[in-house]
2 protein chains.
Amino acid sequence: MQNSFTEENYLKIIHALSGRDGVEVSTNALAESTSTRAASVTDMLRKLADKGLIHYKKYQGVTLTDSGEKVAIKVIRKHRLWEVFLVEKLGFGWDEVHDIAEELEHIPSEVLVEKLDAFLGHPKFDPHGDPIPDAKGNLTEPDYLILTDVHVGEKVLMMGVLDHAPSFLQHLDRSGITLGSVLEVREINEYDKSASVQINGGPTLFISLEVSKNLLVQRR
Amino acid sequence: MQNSFTEENYLKIIHALSGRDGVEVSTNALAESTSTRAASVTDMLRKLADKGLIHYKKYQGVTLTDSGEKVAIKVIRKHRLWEVFLVEKLGFGWDEVHDIAEELEHIPSEVLVEKLDAFLGHPKFDPHGDPIPDAKGNLTEPDYLILTDVHVGEKVLMMGVLDHAPSFLQHLDRSGITLGSVLEVREINEYDKSASVQINGGPTLFISLEVSKNLLVQRR
DNA sequence: TAAAAAATTTAGACTAACCTAAAAATATAT
DNA sequence: ATATATTTTTAGGTTAGTCTAAATTTTTTA
């Protein structure tokens, strides 16, 4: 049986909120993320549970079943592949593609996804550095550091972002920080934890804690 | 205001059934084309009329208003551009793309369409030879002949198909007939109007009236 | 041109996905 | 440990798009 646009969105969001360790997701958290009311979420959870896509006991929160996880990962694969297409082929900025990919991710057709993947050269990461699940549904989150965990003097490689908000991404653009940038932490301000960071051996700039918390990096 | 997936489909189908001269389309014809019942069509027509997208008087059939025409042509533009993408970039066959394009055509975003158009090199025709409306909504149907109107001895260029059914397109593939093929009518059978046609100066084959009726060609 | 047939619309219902308001269960705090 | 606050569910409603069955209008035919 085929899942609806809405069902796919719930599964995707449960996957995201559930995290790597598959922790229970609350009704309210889902209401927040789906921009609906808790009562509507309860309706949908009953439906998803009936279809065997989630584990649901009243008042206890939900987790994905294996079958629900499979669906969620397929949606994520499609979302991230379309984002690569939009940026690499159509020339969109990384701050512009989320909403469009949000629509494209629900286009059904296995063969479309596989042909798109091949056309794009089987990319491993999307324009925000998020890993793209393979055709079999294997999704391995690389264990990056957050910039706040980097010590003064260390040089790291910019690998991804946690916040995908256009305003955040545009801020990075204005700072000259993109995927692959080399960041050297020069100084950390004791008072507000802001950092002085040298970008690609060039200009040094101040990065607020808020920004640091959303930058995923890799040592060396 | 934004039109729904379903509304867009009705407008697109009314456009198709209405033809160049904008003739009235009947409720039953729409029921047939949308795979719904006449009663459902009536409901939708009232809604589209309320939105000013169609001219509708009870029992009299419908035509598009200027505003409805605009929406229909935008959908057609998207459908045909996505078909070009699927065939030219992803390597689908012309017999495989209709259903996928049927989904993609409803993805909203003006800028997506324009970037896609540019990426594809502003194509004028889709993989079935149908003209692609430009960004301003100008759609000029070229006046092709149907193969049945071609006389014995004439050489024509294969420009498009009227039937988009996969089985028909696959039949053409097997016959070696594609867009751009040169067809020379050698003989027309008086009895069943089947034709002997030489393809690209090579093999000559028999083409039934049913097939001839669906081939759009141009004198050269 | 009246009767029969066909096409269309109306009436009343259904499902998916949402809502508000109220009730029930769980969590927190004194 | 009980009262209060928070979270979640239930109950009952709404809208878009569909349905069937019945009523109405238009078209065809005799």
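**A buried glutamate, a sheet and a two-fold pair**

Leaving aside neighbours within four places in sequence, Glu7(B) touches Gln2(B), Met44(B), Lys47(B), Leu48(B) and Lys51(B) in this predicted model. Glu7(B) sits in helix H1 of chain B, which covers residues 5–18. The relative accessible area of Glu7(B) is 2%, and the residue therefore counts as buried, the limit being under 20%.

The next element is a sheet in chain A. Strands of a sheet pair through backbone hydrogen bonds, in either a parallel or an antiparallel sense. Here six strands of chain A make an open sheet with antiparallel pairing, in the order E3-E8-E4-E5-E6-E7. Its edges are strand E3 (145–146) and strand E7 (204–207) of chain A, each of which pairs on one side only. Within the sheet, strand E4 (residues 155–161) and strand E5 (residues 182–188) of chain A run antiparallel and are joined over three bridges. Leu157(A) has Val182(A) in E5(A) as its bridge partner. Helix H7 of chain A, residues 166–175, packs on this sheet and touches E4, strand E6 (195–199), E7 and strand E8 (215–219) of chain A. The direction of H7 makes about 145 degrees with that of E4(A).

The last topic is how the chains are arranged. A turn of 180 degrees with a shift of 0.0 Å along the axis lays chain B on chain A with an RMSD of 0.1 Å. The two copies are therefore related as by a two-fold rotation axis. In chain B, Leu104(B) has the C-alpha nearest the axis, 3.8 Å from it. Both copies use the same surface: 100% of the contact residues of chain B recur in chain A.

Conventions: Residues numbered from 1 in each chain as written. Chains lettered and ligands numbered in written order. Predicted model: local features only at pLDDT ≥ 70, side-chain atom pairs only at ≥ 80, totals over all residues. Heavy atoms only, no water. Pairing = 2+ DSSP bridges. Helix = DSSP H or I, 4+ residues; strand = E, 2+ residues; numbered from the N terminus. Contact = heavy atoms within 4.5 Å. Axes fitted to C-alpha atoms, helices over the stretch in contact; angles between N-to-C directions. Buried < 20%, exposed > 50% of the residue type's maximum accessible area, 1.4 Å probe, protein only. Least-squares fit on C-alpha atoms with pLDDT ≥ 70 in both.
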